[in-house]
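Reader: Hi! I have this one open in my viewer and would love a quick tour. Could you walk me through it?

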Amino acid sequence: MELRIDNRKKVAFPRINHYDYAIRYIVEQGIGAQFILLPPATKKTSELGSKYSPDYACAPFKHSLGSLIEALEAGAEVLVETGGLCRLDYYGALQKEIIRELGYRCDFINLAEYMGGSKKEWIRLARHINPKLNPAKLVTGAYEGVKMAEYMDEIEAMYYRNAGFEAEKGSYKKVYRQFLMEMQIAESGQEIKRGYQRAKQALEELPLKMPENPVRIGVVGEYYTIMDEHSNQFLQEKLINLGASVHRFMNITNCHFRAKETALRPRIREYAQYSMGPTTTWTINSAMDYAKQGFDGIIHVKSFGCTPEMDAIPVLQNISRDYHIPVLYLSYDLQESDTGLDTRLEAFYDMLERKKKVLR
Ligand code: SF4
């Protein structure tokens with residue numbers, strides 16, 4: 001038997017929801033390196049990140065630092081951190097220092113330094129990871145990886161909208177889990193597409209016991225915490241278990257490919273004249289949409305100490321007043337207890353349900 005040695009560089013990226021499956025795909029199929037796919041985050045991940053983070057850092061910093069340290073322990077040689085429009089843009093530089101001080105030796109790629117860069121610079125960066133890079137493969141791999149992220153967003157949205165009303169308990173989750181597993185191991189664009197089509201069809205065919213007028217809740221808020229289920233303590237899952245139809249506009253597809261932040265600013269002018277930060281435009285825009293569409297309630301999710309989303313709160317209060325739509329404000333740090341969150345969600349859901357009955 002031939003023994004093959006894998007000489008590919010081992011690359012890691014902090015976890016964010018299930019998007020690491022798409023990143024794995026781009027790294028492995030596009031760049032030709034090996035991706036360190038970590039198991040789902042645990043309490044230990046956040047504790048690890050928290051232990052080595054400055055107190056003032058917001059929760060996404062701590063979660064991502066915890067992920068990076070776990071990736072190093074799993075053998076990562078190249079760490080990649082993203083940039084952003086807020087403090088996030090400085091996080092890579094700070095995490096790099098923390099990791100060095102902890103004694104780890106690795107290549108640290110801070111994408112904040114490449115944002116707005118030319119195609120050539122991105123190819124040079126990919127070549128740094130794999131000197132034998134094939135640019136054509138990179139383009140195809142990146143395209144297919146992005147497609148996977150879009151498919152995951154679509155299937156996830158279907159899941160949270162309807163799973164609370166499945167006729168057979170667990171049937172929705174079974175399909176969703178199978179779909180995610182297929183994305184986790186997909187090795188070609190065809191496999192990705194087939195997995196998506198199968199899941200979509202299966203979900204469409206599953207019988208539902210949807211009431212005529214279900215409780216609909218729109219979730220809005222800060223980019224990382226709202227999308228990463230570990231960071232928001234499985235908020236959407238908890239809501240479907242209570243019996244709600246849950247909608248979330250914020251995802252990679254909507255915010256990066258469909259509704260550019262600058263294009264939405266005129267839509268929210270009634271409530272905000274100026275841009276207030278990275279995700280607030282989407283937050284306000286989604287809240288307005290949910291209110292106009294007659295949703296029963298809105299949940300605002302943010303990380304403790306997130307200034308942009310703190311600024312969105314008074315605007316949401318105005319929307320709540322104008323459209324008579326209740327808003328529940330959740331601020332996440334790393335020491336939240338599940339029981340505390342469950343109690344607040346149950347009370348909110350009960351209130352929405354009662355309000356609905358009284359107004360019917
Ligand atoms: S949007 Fe808020 S929570 Fe997210 S990284 Fe920026 S400051 Fe932190």
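Author: Happy to! This is a predicted model. A good place to start is an open sheet of four strands, ordered E6-E5-E7-E8, with parallel pairing.

Reader: Nice. Which are the edge strands?

Author: Strand E6 (245–248) and strand E8 (327–332), since each of these pairs on one side only. From one strand to the next, the twist averages 25°.

Reader: How many bridges join E7 to E8?

Author: Six bridges link strand E7, residues 297–303, to E8, and the two run parallel. If you want a spot to click on, Val301 stands opposite Leu330 in E8.

Reader: Got it. And which strands does helix H13 lie across?

Author: H13, residues 280–292, lies across E5 (216–221), E6 and E7, and it runs at about 165° to E5. Helix H14, residues 307–323, lies across E5, E7 and E8, at about 170° to E7.

Reader: Changing topic: what residues are around the ligand?

Author: Around the ligand you find Cys58, Pro60, Cys86, Arg87, Glu222, Ser303 and Cys306. Sorted by class, that shell has four nonpolar residues, one polar and two charged.

Reader: Where does the ligand lie relative to domain 1 and domain 3?

Author: It lies between them, because domain 1 (10–133) and domain 3 (211–360) both give residues to the shell.

Reader: What other domain does the assignment give?

Author: Besides those two, the domain assignment of the protein chain gives domain 2, covering 140–210. The centres of domain 2 and domain 3, taken over C-alpha atoms, are separated by 23 Å. As for contacts, 14 residues of domain 2 touch 17 residues of domain 3.

Reader: I was also looking at H6 and H8. At what angle do their axes cross?

Author: Roughly 10°, and the axes of H6 (residues 135–162) and H8 (residues 189–205) come within 10 Å. That angle is why H6 counts as roughly parallel to H8.

Reader: Which residues make the contact?

Author: From H6, they are Glu144, Met148, Tyr151, Glu154, Ile155 and Met158. H8 brings Gly189, Ile192, Lys193, Tyr196, Ala199, Lys200, Leu203 and Glu204.

Reader: And how many of the residues in the contact of H6 with H8 are charged?

Author: Five are charged, alongside eight nonpolar and one polar.

Reader: Great, thanks, that helps a lot!

Notes. Residues numbered from 1 in each chain as written. Predicted model: local features only at pLDDT ≥ 70, side-chain atom pairs only at ≥ 80, totals over all residues. Heavy atoms only, no water. Near = heavy atom within 4 Å. Nonpolar A, V, L, I, M, F, W, Y, C, P; charged D, E, K, R; others polar. Domains from an automatic or database assignment. Pairing = 2+ DSSP bridges. Axes fitted to C-alpha atoms, helices over the stretch in contact; angles between N-to-C directions. Contact = heavy atoms within 4.5 Å. Parallel < 35°, antiparallel > 145°, perpendicular 65-115°, else oblique.
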